[in-house]
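Please open the model in your viewer and keep the sequence panel at hand. The tour goes from the whole chain to a few selections of side chains, and ends inside the protein.

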Amino acid sequence: MRALVRSALPLAALLLLATPRPALAHLHLHHAEPAADATLTTVPHEIRLEFTERVQVAISAIALTGPDGASIALGPLALDPASPRTLVAPIVGTLRAGSYTVAWRAASPDGHPMRGTYAFTIAQGASGLPVTTSATAESAAVAPRGAASAAGSPAPSPAAAAARQIGGAGALDVNSPLYAAVRWLGYAALLAIIGAVALALVVVPRVATRAPDTDPAAERARLAAARLGWAAAWVLLLDVVLRLVAQSYAVSGSGGAWRPAAFAALVTGTVWGWGWMLEGVAVLLALGALGMARRHGTRGWGLATLAAAAATFSMALSGHAVATPGHPALLVVVDALHVTAAGGWLGTLLMIAAAGIPAAFAAPEGKRGRAVAEMVNAFSPVALACATLLALTGLIAAWVHLGTLDALWHSDYGHVLLIKLGVIVVLAALGAVNWRVLRPALGDEPSAHRIRRSATAELLIGAVVLAITAVLVATPPPAESSAAAQSAAMVEGIGPGR
């Protein structure tokens with residue numbers, strides 16, 4: 001684990017130095033023209049949306065819906081030459097008096113898709129309205145309602161119609177169960193890789209030092225861990241592809257997910273994209289390193305350690321850490337250490353149950369129980385250290401994301417976190433039973449079978465914790481929700497009002 005941390009810290013410094021400071025925040029709408037809830041006495045010729053961060057035109061969209069729910073034609077979306085934070089959409093269609101709804105979609109620098117709607121009104125007699133006869137105006141007002149009635153269903157609300165135009169993510173929204181399953185798969189595979197590294201570089205050497213006569217079992221465990229880690233790397237490679245597909249749909253909607261410009265902007269223009277590319281490189285490195293280790297046993301583990309560290313930081317670059325106001329660099333390191341600790345505990349436990357204990361059972365009869373005992377005893381201090389680090393980093397992250405203790409009870413993020421904490425308590429209790437009750441009784445084959453069954457139960461509960469985590473990372477933290485509310489208030493309070 002020391003080797004993993006030594007590899008991770010220089011990589012963390014490099015990544016944080018390479019990440020522009022202004023990019024480390026979630027994007028919010030800061031100023032709008034026309035302003036939200038404004039009543040205009042002059043017909044606007046464009047929509048201007050200023051955000052709190054730089055935006056990518058290729059993965060952004062603006063839609064305007066009129067009083068009858070019909071779409072108003074807009075010109076090509078562009079950035080204001082004077083500000084990379086301001087989107088400008090010329091109004092091409094004809095406007096008349098009434099209420100209008102603006103819907104927008106953009107992506108935060110961390111790749112998190114942001115959407116919103118607001119309304120403004122053009123007053124009767126406003127300057128710039130087209131000259132129409134009263135009969136024409138009456139026909140225009142009645143026709144949409146008549147068409148909706150003839151269709152046998154009410155016309156959609158202007159807000160719903162505008163939101164539909166900017167593209168919905170559907171089943172692959174960041175909060176969807178399908179995307180959560182993709183995240184869970186990635187977490188599980190990464191923890192397995194970290195566990196394989198920890199077993200090979202920490203547990204096996206401790207077994208060889210404490211009990212040299214069980215060394216063949218330890219070496220068999222190392223080879224088995226390499227094979228399992230290699231398989232996990234292939235799973236993680238699949239997850240890398242699935243995450244890109246899911247994120248493309250979540251950010252650009254079903255209609256624009258595969259436009260070349262949108263695709264390139266997501267991958268090269270967001271911190272999420274940088275993290276995704278880092279993860280891809282890390283996975284390829286892990287495949288090569290663990291492929292070498294599964295053939296030679298002792299070779300390739302240094303590269304595997306570097307690959308695991310890089311993949312760990314890639315996860316931190318696609319979560320809440322990079323969007324945390326104030327100290328994003330610290331939170332990226334905390335998140336990376338949190339994932340490392342989870343892998344050191346649950347990932348190594350997986351390797352003990354799936355590689356270490358079977359390797360010990362392959363020892364000659366009469367030595368199997370002791371071989372299992374030595375394997376578990378060598379793992380025990382690793383588990384304790386990682387569980388402690390996991391609790392400490394989790395506490396820091398929770399405090400920063402919650403902002404206040406009250407948010408634990410009065411926010412969606414807090415509710416999901418409470419569920420996670422409840423399951424972790426059960427997990428920790430089972431781990432304590434393994435440590436204090438089953439481990440001291442090891443020494444024969446029946447006790448080895450008992451602790452393997454208990455370890456399997458612990459892993460199943462750990463899988464539930466990972467599933468809850470996959471939901472938690474897509475749930476807006478209370479601090480972020482507060483910032484969004486402040487930005488919304490500014491949008492409503494600022495505007496030309498003309």
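The stops below each give a selection to make and then describe what is found there.

**The whole chain**

Begin with a cartoon of the full model, which is predicted, and colour it by secondary structure to bring out the 13 helices and nine strands. If you switch to colouring by burial, buried residues account for 51% of the 498 residues. A surface representation shows an exposed area of about 21100 Å², of which carbon and sulfur atoms supply 66%. Among the contacts with a separation of 6 or more, 75% are between residues 24 or more positions apart.

**Aromatic pairs**

Turn next to the aromatic rings, where the count comes to three aromatic pairs, two of which are visited here. Select F51 and W104, whose ring centres are 5.1 Å apart; because their planes stand at 65 degrees, over the 60 that the class requires, the pair is edge-to-face. With the strands displayed, F51 is found in strand β3 (residues 46-51) and W104 in strand β8 (residues 98-107), so that the pair links distant parts of the chain, 53 residues apart. Both F51 and W104 are buried.

Stay on strand β8 and select Y100 together with F120, which lies in strand β9 (residues 113-127); the pair therefore ties together parts that are 20 residues apart in sequence. The ring centres of Y100 and F120 are 5.7 Å apart and their planes are at 15 degrees, so this pair is stacked. Is Y100 buried or exposed? Y100 is buried, with a relative accessible area of 1%, and F120, at 1% relative accessibility, counts as buried as well.

**Charges over rings**

Now select Y179 and R183 and look along the ring normal of the tyrosine: the charged end of R183 sits over the ring of Y179, 4.6 Å from its centre. For another arrangement of this kind, move to W435 and R436, where R436 lies over the face of W435 at 5.1 Å from the ring centre.

**The cavity**

Finally, clip into the interior to find the one cavity of 30 Å³ or more that the structure holds; the volume of this largest cavity is about 30 Å³. Which residues line the largest cavity? Select L190, I193, L236, A282, V283, A286, A307, A308 and A311, which form its lining. With the helices shown again, α4 (177-210), α7 (271-296) and α8 (301-316) can be seen to supply at least two residues each to the lining of the largest cavity.

How values were computed
Residues numbered from 1 in each chain as written. Predicted model: local features only at pLDDT ≥ 70, side-chain atom pairs only at ≥ 80, totals over all residues. Heavy atoms only, no water. Phe/Tyr/Trp six-rings, centres within 6.5 Å; stacked < 30°, edge-to-face > 60°. Helix = DSSP H or I, 4+ residues; strand = E, 2+ residues; numbered from the N terminus. Buried < 20%, exposed > 50% of the residue type's maximum accessible area, 1.4 Å probe, protein only. Lys NZ or Arg CZ within 6 Å of the ring centre and 35° of its normal. Contact = heavy atoms within 4.5 Å. Areas by Shrake-Rupley, 256 points an atom, 1.4 Å probe, with all protein chains shown as cover. 1 Å grid on protein atoms, 1.4 Å probe; cavity = no way out; pocket = protein on both sides within 12 Å on 5 of 7 lines; lining within 4 Å. Points joined across faces, edges and corners; volume = space filled by probe spheres on them.
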